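Trainee: I should be grateful for a close look at a single part of this structure. Please begin there and then set that part in its wider context.

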Amino acid sequence: MRKQLTPTDARAFQIRWARVNAAERTELRATSLEDKLHQLAALMASVESLGWTEALAKDEDTVRRRWNQLRSAFHG
């Protein structure tokens, strides 16, 4: 049987996750641009093997249309 979550337990949980999030932000700020670009390239190379191809292609026309609208507004 599960133990009832108390307000004290809930607050401790929130504090732990706030610390995790702060550590992650610190780590991300410390990561070099070169490393971030390598991570992005690895993720992009994994799109097909992760099965994301169809999901990413689904909104491609909408994204292209928005970029064209921005380009037209910026360049006149």
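Trainee: At what relative accessibility does leucine 40 stand, and what does leucine 40 count as?

Mentor: Leucine 40 has a relative accessibility of 42% and counts as partly exposed. The term has fixed limits: buried means under 20% relative accessible area, exposed means over 50%, and partly exposed lies in between, with a 1.4 Å probe and protein chains only. The model is a predicted one, in which local features need pLDDT of at least 70 and side-chain atom pairs count only at pLDDT 80 or more, while totals for chains, interfaces and linings use all residues. Residues are numbered from 1 along each chain as its sequence is written, and side-chain values use heavy atoms, with hydrogens and water left out.

Leucine 40 has its place in helix H2, residues 33–45. Helices here are DSSP runs of H or I with at least four residues, strands are runs of E with at least two, and both are numbered from the N terminus. Leu40 also joins Leu33, Leu37 and Met44 in a nonpolar surface patch, with about 430 Å² of accessible area together. Such patches take residues with over 30% relative accessible area and no salt bridge; nonpolar side chains (Val, Leu, Ile, Met, Phe, Trp, Tyr) are joined within 5 Å, and like charges within 9 Å. The areas come from the Shrake-Rupley method with a 1.4 Å probe, and for residues only the protein chains shown count as cover.

The chain as a whole helps to place this patch. Its secondary structure comes to 4 helices and 0 strands. The radius of gyration is 21 Å, well over the 11 Å that the globule rule gives for 76 residues, so the chain is more spread out than a compact globule. That radius is taken over C-alpha atoms, and the rule is 2.2 Å times the number of residues to the power 0.38. Along the principal axes, the C-alpha atoms fill a box of roughly 60 × 35 × 35 Å. Buried residues make up 3% of the 76 residues. The chain exposes about 7600 Å², of which carbon and sulfur atoms supply 58%.

Helix H4 offers a further example of little cover, with 0 buried residues among its 16. Within H4, glutamate 60 and arginine 64 are 4 residues apart, about one turn of the helix. These two form a salt bridge, their closest N and O atoms being 2.9 Å apart. A salt bridge is a side-chain nitrogen of Lys or Arg within 4 Å of a carboxyl oxygen of Asp or Glu. The whole structure holds 2 salt bridges, and aspartate 9 forms one with lysine 3, at 3.4 Å between the closest N and O atoms.

As to confidence, the mean pLDDT of the chain is 94, and 100% of its residues reach 70 or more; pLDDT is the predictor's confidence in each residue, from 0 to 100.
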